[in-house]
Amino acid sequence: MTLATTHLAMTQLVPLAKELDENKVTPGVLGFIVFAVIGGAVWLLMKNMNKQFTKINFPEHPVASGTGDPAPSERSESAGAEKPAAGPKD
């Protein structure tokens with residue numbers, strides 16, 4: 001039974017293979033290998049970038065009582081007199 005189905009499949013697929021254009025250029029195995037290498041490189045770079053981002057440590061300024069007010073250090077800087085905008089003088 002298996003031999004008959006194999007023979008039937010081969011007789012139907014061989015004419016399809018002859019219909020293919022022999023002058024047609026396809027990426028083939030080399031294209032797949034290049035694509036896989038580029039994909040692997042991107043994956044490794046993103047993995048390394050994630051590791052580097054986890055190493056970053058910066059101080060966070062807590063928001064005072066959740067009201068959206070700036071932190072005390074920012075309030076003291078902005079509490080002083082405002083400086084005039086530096087621009088061209090008329």
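In which helix of the chain is confidence lowest, and in which is it highest? This is a predicted model, so that's a good place to start. The two ends of the scale look like this:

| Helix | Mean pLDDT |
|---|---|
| Helix 2 | 96 (highest) |
| Helix 3 (residues 72-78) | 53 (lowest) |

Across the whole chain, the mean pLDDT is 75, with 60% of the residues at 70 or more. Where pLDDT is low, don't read the predicted coordinates in detail.

Now for the layout. You'll find three helices and zero strands here, so going from the N terminus the elements read α-α-α. Of the chain's 90 residues, just 1% are buried. The chain exposes about 9,000 Å², and 66% of that comes from carbon and sulfur atoms.

Let's zoom in on helix 2, which covers residues 28-55. Does its length add up? Its 28 residues, at 1.5 Å each, should span 40 Å, and the C-alpha atoms at its ends sit 41 Å apart, which agrees. Because zero of those 28 residues are buried, helix 2 lies largely in the open.

There's also a nonpolar patch on the surface, about 920 Å² in area. Its members are Leu30, Val34, Ile38, Val42, Met46, Met49, Phe53, Ile56 and Phe58. One of them, Phe53, belongs to helix 2. An α-helix has 3.6 residues a turn, so residues three or four places apart point the same way.

Note on methods:
Residues numbered from 1 in each chain as written. Predicted model: local features only at pLDDT ≥ 70, side-chain atom pairs only at ≥ 80, totals over all residues. Heavy atoms only, no water. Patch = residues over 30% accessible without salt bridge, like charges linked within 9 Å, V, L, I, M, F, W, Y side chains within 5 Å. Areas by Shrake-Rupley, 256 points an atom, 1.4 Å probe, with all protein chains shown as cover. Salt bridge = Lys/Arg side-chain N within 4 Å of Asp/Glu carboxyl O. Helix = DSSP H or I, 4+ residues; strand = E, 2+ residues; numbered from the N terminus. Expected span 1.5 Å × (residues − 1). Buried < 20%, exposed > 50% of the residue type's maximum accessible area, 1.4 Å probe, protein only. pLDDT = per-residue confidence, 0-100.
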